[in-house]
Amino acid sequence: MKILIVSRAKLGDLLLTTPMLRVLRDALPDAEIHLLANEYNVWVADGNTCVDRRWIYGRVRTGRDLDFGAAWRQITMYAGLKLQGYDVAIAAGGHESHRAITRTLHAGAARTIAYATDEKFRRKVSDRVLADGSLHESMLMLKLLEPLGVELPAVLPAPEFYPPQSMFDFADCWLAGRSIPARGYLLIGMGARVAANQPSCAQILRWAKWAKETQGLDTVFIWTPGAKNNPLYPGDDEAAQVVLDARLPFLHPFRGQLKEAIAIVMRAKASILPDSGMMHFAATSSGGVVGLFADARTYSDPAQWAPTGPRACHLEARTSVVEIPDALIYEKLGTLMLA
């Protein structure tokens with residue numbers, strides 16, 4: 001059987017697709033499994049033995065600008081996909097996505113599986129699945145395997161990420177330059193898609209002082225680079241400066257590229273991160289993560305988006321992360337550090 005998994009997801013979402021890939025591989029060991037993902041996040045699947053071949057598409061349009069080269073490459077790629085003769089194509093994701101379904105249909109598979117309620121897809125999607133909003137995102141994707149007769153596990157598998165040695169080499173070099181040993185620091189992140197999930201500068205400074213005074217750990221502080229008024233991706237430079245102005249000698253700022261930041265996260269003793277893709281990567285690390293959520297009725301519900309895995313936990317506030325007592329943070333960190 002030849003199966004195509006189609007992902008339009010962001011980095012963290014693609015990471016949450018890996019449990020689905022693992023269950024599919026274990027259930028159908030002889031199947032040929034292909035993954036279609038965009039050039040921005042396909043590297044998340046590097047080293048994943050559940051994937052036999054990767055197909056990559058680029059961004060065709062940015063704002064009003066059209067990249068004709070990318071458009072042509074996408075046309076030829078879809079022609080190549082149709083020649084594969086897929087038995088099944090699955091639109092991966094925990095909700096109905098018209099663009100994901102459209103990309104999946106372009107593969108011309110004998111069967112197409114997707115979350116689809118729109119009448120426009122009634123005749124095109126052979127196996128339409130109904131979403132259950134009470135389930136975790138990874139479990140929602142696992143349920144897309146049920147039309148294939150795959151038995152779902154009682155326990156959700158942990159996400160899988162296999163960083164290349166070059167990422168660890170970068171982290172080790174950066175840490176050595178500051179005399180910080182691997183697993184000798186707490187990592188705290190500020191970047192978040194919504195302000196309610198973001199810890200305050202005062203919280204960050206208190207948590208860093210606690211780590212030094214009670215655990216003997218320095219702190220590495222990361223945030224989303226850029227100005228907050230950036231129309232494409234707002235950054236946290238302005239807010240982060242308040243933390244930097246405190247000039248704590250044991251707090252080390254890291255303002256770098258995404259892959260480099262992930263490398264630093266992977267070497268931490270433990271991490272505190274707001275709901276974000278970075279949080280899910282930290283859940284795959286040896287140190288683990290405390291994920292921060294707030295106002296689940298308006299923003300991300302941890303029931304669907306909490307970090308998963310043996311070294312992942314989270315805390316949820318009613319309206320804002322600033323409401324979370326420090327004692328709860330320290331309790332969760334203590335559990336991770338002792339494990």
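Modeller: Two strands pair if DSSP finds at least two bridges between them. Helices (H or I, at least four residues) and strands (E, at least two) are DSSP runs, numbered from the N terminus. The model is predicted: local features need pLDDT of at least 70, side-chain atom pairs count only at pLDDT 80 or more, and totals for chains, interfaces and linings use all residues. Residues are numbered from 1 along each chain as its sequence is written, and side-chain values use heavy atoms, leaving out hydrogens and water.

Colleague: What is the order of the strands in the open sheet?

Modeller: Six strands build this sheet. Their pairing is parallel. The order reads E11-E10-E9-E12-E13-E14.

Colleague: Which strands stand at the edges?

Modeller: Look for strands with a single partner. Each of the two has one side without a neighbour in the sheet, so these are the edges: E11 (251-254) and E14 (312-317).

Colleague: What does the twist average from one strand to the next?

Modeller: Angles run from 0 to 180 degrees between N-to-C directions, with axes fitted to C-alpha atoms (for helices, over the stretch in contact). From strand to strand, the average twist is 20°.

Colleague: How many bridges join E13 to E14?

Modeller: E13 covers residues 289-294 and runs parallel to E14. Val-290 stands opposite Cys-313 in E14. The bridges joining E13 to E14 number six.

Colleague: At what angle does H7 run to E9?

Modeller: H7 lies across E9 (185-189), E10 (218-222), E11, E12 (270-274) and E13. Relative to E9, H7 runs at about 170°.

Colleague: Are H7 and H8 parallel or oblique to each other?

Modeller: The axes of H7 (201-215) and H8 (237-245) come within 9 Å and cross at roughly 40°. Under 35 degrees counts as roughly parallel, over 145 as roughly antiparallel, 65 to 115 as roughly perpendicular, the rest as oblique. H7 and H8 are therefore oblique.

Colleague: Which residues of H8 make the contact with H7?

Modeller: Contact means heavy atoms within 4.5 Å. H7 contributes Cys-201, Ile-204 and Leu-205. H8 contributes Ala-239, Val-242 and Val-243.

Colleague: Is the crossing of H7 and H12 left-handed or right-handed?

Modeller: The axes of H7 and H12 (326-338) come within 11 Å and cross at roughly 45°. H7 and H12 are therefore oblique. If the near helix is turned from the far one by less than a right angle, anticlockwise is left-handed and clockwise right-handed. H7 passes H12 in a crossing that is right-handed.

Colleague: How many charged residues has the contact of H7 with H12?

Modeller: H7 brings Arg-206, Trp-207, Trp-210 and Gln-215; H12 brings Asp-326, Ile-329, Tyr-330, Leu-333 and Met-337. Ala, Val, Leu, Ile, Met, Phe, Trp, Tyr, Cys and Pro count as nonpolar, Asp, Glu, Lys and Arg as charged, and the others, Gly among them, as polar. Six residues are nonpolar and one is polar; the charged ones number two.
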